[in-house]
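Let's walk through this one together, question by question. Have a look at the fold first.

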Amino acid sequence: MQEFNPSPDSFQLDLIEDLLKTSTIPAEESEQISKNLDLINYTEAEQLINYLQTKQVNRIHAGLNYNATYVKWFMKKTI
């Protein structure tokens, strides 16, 4: 029997699109992900979100704007 895997919800899709904008992955990979968003299921969306979160620009090292919340999150993640 095949397991039911629901479609991703709109929050997941919005988050993926936002993460793609600030990720460090190659442009070709980003374009491929964008093209295939309508083909993924809920579980694959969760995995993709986790992957993209690990590929984000480090705002502190890049000299971009950041706040105390980001610094606390970054410190917790790296320690």
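Q: Which residues gather in a patch of negative charge on the surface?
A: This is a predicted model, where local features need pLDDT of at least 70, side-chain atom pairs count only at pLDDT 80 or more, and totals for chains, interfaces and linings use all residues. Residues are numbered from 1 along each chain as its sequence is written, and side-chain values use heavy atoms, with hydrogens and water left out. Patch members need over 30% relative accessible area and no salt bridge, with like charges joined within 9 Å and nonpolar side chains (Val, Leu, Ile, Met, Phe, Trp, Tyr) within 5 Å. The surface patch of negative charge brings together Asp9, Asp14, Glu17 and Glu46.

Q: Is Asp14 buried, partly exposed or exposed?
A: Asp14 sits in helix H1, residues 10-21; helices here are DSSP runs (H or I, at least four residues; strands are E, at least two), numbered from the N terminus. Buried means under 20% relative accessible area, exposed over 50%, and partly exposed in between (1.4 Å probe, protein chains only). With a relative accessibility of 44%, Asp14 comes out as partly exposed.

Q: Which residue forms a salt bridge with Asp18?
A: The structure holds just 1 salt bridge, meaning a side-chain nitrogen of Lys or Arg within 4 Å of a carboxyl oxygen of Asp or Glu. Both partners lie in helix H1, 3 residues apart, or about one turn of the helix. Asp18 is partly exposed at 44%, while its partner is exposed at 66%. With the closest N and O atoms 3.8 Å apart, the partner of Asp18 is Lys21.

Q: How far apart in space are Ile49 and Leu19, C-alpha to C-alpha?
A: Ile49 belongs to helix H3, residues 42-54, and it is buried, with a relative accessible area of 6%. In sequence, Ile49 and Leu19 are 30 residues apart, yet in space their C-alpha atoms are separated by 7.7 Å.

Q: Is Phe4 buried or exposed?
A: Phe4 lies in the segment before H1. Asn41 is 37 residues away from Phe4 in sequence, but 9.7 Å away in space, C-alpha to C-alpha. Since its relative accessible area is 69%, Phe4 is exposed.

Q: In which helix is confidence lowest?
A: pLDDT is the predictor's confidence in each residue, from 0 to 100; the protein averages 85, and 76% of the residues score at least 70. Where pLDDT is low, don't read the predicted coordinates in detail. Confidence is highest in helix H2 (residues 27-35), at 97, and lowest, at a mean of 70, in residues 68-78, helix H4.

How values were computed:
Accessible areas come from the Shrake-Rupley method with a 1.4 Å probe; for residues, only the protein chains shown count as cover. Lys and Arg count as positive and Asp and Glu as negative; His and the chain ends are not counted. The place of a charge is taken as NZ of Lys, CZ of Arg, CG of Asp or CD of Glu.
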